[in-house]
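Trainee: I would like to learn how to read helix packing and a sheet from a model. Where do we begin?

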Amino acid sequence: MSIHRNAGADTLALHAGQTPDPVHHSRATPIHFTTSYVFEDSEHAASLFNQERAGHVYSRISNPTNAVLEERIAALDGGIGAIACASGQAALLLAITTLMGSGGHIVASRALYGGSNNLLAYTLPRFGIETTFVAPGDHQGWRAAIRPETRLLFGEAIGNPGLEVLDIPELAQIARDARIPLLVDATLVTPMLQCPLDLGANLVVHSATKFLGGHGVAIGGLLVDGGNFNWEASGGHFPTLTEPYEGFHGMDFAEESPVAAFLLRARREGLRDFGACLSPMNAFQILQGMETLGLRMERHVANARALVSHLVAQPLVESVSWPELDSHPDHQLAAQLLPKGCGGVFSFSLKGGRKAGAAFIETLRVFSHLANVGDAKSLAIHPASTTHFRMSRNALLSAGITEGTIRLSVGLESVSDLIEDVDRALYAVQKVLA
Amino acid sequence: MRLNLSGHLTDHITFCYTGGQRLERDRPTALFIHGAGHDHSVWTLQTRYFAHHGWNVIAPDLPGHGRTNGPALESIEGLAQWILALAHKLGTEHPVVIGHSMGALIALQVAATAPVLVSRLALVGAVAPMPVAPALLDATLSNRDKAHALINQWSFAPHSQTGASSIPGMNLTALNERLMQRQAPGVLHTDMAACNAYAAGFDAAARVRCPTLLLSSAQDRMTPPKAIAPLAAAFDKDIPLTRVVLPDAGHAMMSEAPSQVLDALWAFVNSSHATGQPPT
């Protein structure tokens, strides 16, 4: 069951989580640049520390500006609440460490952002948390990979780099059958294109650095709880949530709040102890971006569609990977789960391998050559010569990348300028290959 | 805390939240009763405060709600008998009884049925009678999602619908909706029908013998403050009656204005009154 929204998405993007400042009546969200908050008296201090009164104590744990951002993304995503983190990676780590410790196991999509893959494949095993990777569309593989110690299923709404569409309703059913939560990284879709909680997911992470902010000036992450997982009915698999925690006054989080237990623990332990909190300045900047999220996502999608249409007709382009194309294996799934569009990121392969890819990238003028996505400005990268340059041709192919693959993050510029830029780069490729 | 109320209306496991504290004989007791479609967690901040400030807290999940199994009970009178059975089972002496919405009707009926037992009575978001809009009552049967949406629309003040939450990072309307979704199908309808059918409110008020608090919110559309006057008038003139209206909250005041609700309750239980059993 999804959550009823109190207003349309564009309205929530502007208003959710904030009412005008009651003291100074400022319309914009104030930046609360403070580490800490004055207590009224000792009694007030004690009751805040013991979770007997709501309020702020220390900005590592909560901050009024961050709270606006948290409530805004929760309202958009249909979650009961959220926690702002220092980055998308911090949000992912917070989700994992709230649910499990050493001995825990994750089943994750193989089509992940490189940073998430590093965390799961290399870093977390040092701390006793193992991950089994499966192809995102291999439903039987997901079921088969679940073990008694599995505590989480994890995938990206749109995978990297092949733009695989995660079948969230199907994976949510697999998760329910196993009494395990499903966490979805919705960075590339944002709540304007898809709300995974509405499709049955239990938790969502966003790298707010990308489309949510949109300006490319602030790193940030968000962890959203759907409040739709019954921790107490999971067979004792989540003792962090269902047993008294000596680290916080013996609190049994699920007893305290059956619905909000996950967020209580994540904030009272994860933010408190690991400390990957978001700066209120970054929260403010991300909020500024989110005010125009709906408009921007429409434009990202429209520009991406125009560029895809242009590129598929070019003789130097071997293939274009974009779920809205009939040729993409997840075309039908995309039509079902992403009816408003598949975002602003796609990849295509040039004929002519690494040499062609390098020539293309180096000739672009409007597109910026860098390793990011989701900026208002158009971005491009040639994985074979940058992020994946140590990999052999065969290794690249197994990761779904050719030597001529280019990944574009299509921005908000006039689309005629983007097409002209791409044509100029294709002409350079033609000359190199001649 | 889980206990078995065998032989007292329901033969099922009952869950009572105690704020993480053991019940102690030498402490005063506050009994918190939740409303329709809810469980004990609607009182989470207020109950924790009481439990860590010298009080025994008993915040049960009513039958069929939260962790207490069995069918939901169909009348306010039946629920009041169940609360009295619970208090008896726990050996509770002279509790302060605090109820919200449907829980307030139950608390009122408890205080009327056992006037010697109850030391003080706090009715939060209460009117009597408590008619339920036909559209809402129908929706609780035919369309739960619509019922939940209507309840949220009428329970939260306009600025709480999308505005800043009193609890950092929490989306309060969604939290309330998820809590209602967790209750078994039919429970919300049974609760609402019980509220709708309860006709003994004025008679019950007249039988109350302890100091009473009527705590309401100016922006409450479920139980508007202006509708409280007939209930207030039904109490015996000798009963100390305290009325508090919170200006910036709606029916869901325990989450919209948790500290203001706590302050009103705390001031009430610690006030000196000419009648009624002292809490300490």
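Mentor: We begin with a pair of helices, bearing in mind that this is a predicted model. H13(A) crosses H17(A) with right-handed geometry. Helix H13 covers residues 293-312 of chain A and helix H17 residues 415-433 of chain A; their axes are 10 Å apart, at an angle of about 35°.

Trainee: Which residues of H13(A) and H17(A) make the contact?

Mentor: H13(A) contributes A:Asn303, A:Ala306, A:Leu307, A:His310 and A:Leu311. From H17(A) come A:Val415, A:Leu418, A:Ile419 and A:Val422. By class, the contact of H13(A) with H17(A) has 7 nonpolar residues, 2 polar and no charged.

Trainee: Now the sheet. What is the order of its strands, and is it open or closed?

Mentor: In general, strands of a sheet pair through backbone hydrogen bonds, parallel or antiparallel. Here the sheet is open, with 7 strands in chain A ordered E1-E7-E6-E5-E4-E2-E3, and the pairing is mixed. Strand E1 (81-85) and strand E3 (130-134) of chain A are the edges, each pairing on one side only. From one strand to the next, the twist averages 20°.

Trainee: How many bridges join E2(A) to E3(A), and do they run parallel or antiparallel?

Mentor: Strand E2 (residues 105-109) of chain A is parallel to E3(A), and 5 bridges join them. A:Val107, for instance, has A:Thr132 in E3(A) as its bridge partner.

Trainee: Which strands does helix H3 of chain A touch?

Mentor: Helix H3 (residues 64-77) of chain A packs on the sheet against E1, strand E6 (203-207) and strand E7 (221-225) of chain A, and its direction makes about 130° with that of E1(A). Helix H11 (residues 261-274) of chain A lies across E1 and E7 of chain A, at about 20° to E1(A).

Notes:
Residues numbered from 1 in each chain as written. Chains lettered and ligands numbered in written order. Predicted model: local features only at pLDDT ≥ 70, side-chain atom pairs only at ≥ 80, totals over all residues. Axes fitted to C-alpha atoms, helices over the stretch in contact; angles between N-to-C directions. Helix = DSSP H or I, 4+ residues; strand = E, 2+ residues; numbered from the N terminus. Left-handed = near helix turned anticlockwise from the far one by under 90°. Contact = placed C-beta atoms within 7 Å. Nonpolar A, V, L, I, M, F, W, Y, C, P; charged D, E, K, R; others polar. Pairing = 2+ DSSP bridges.
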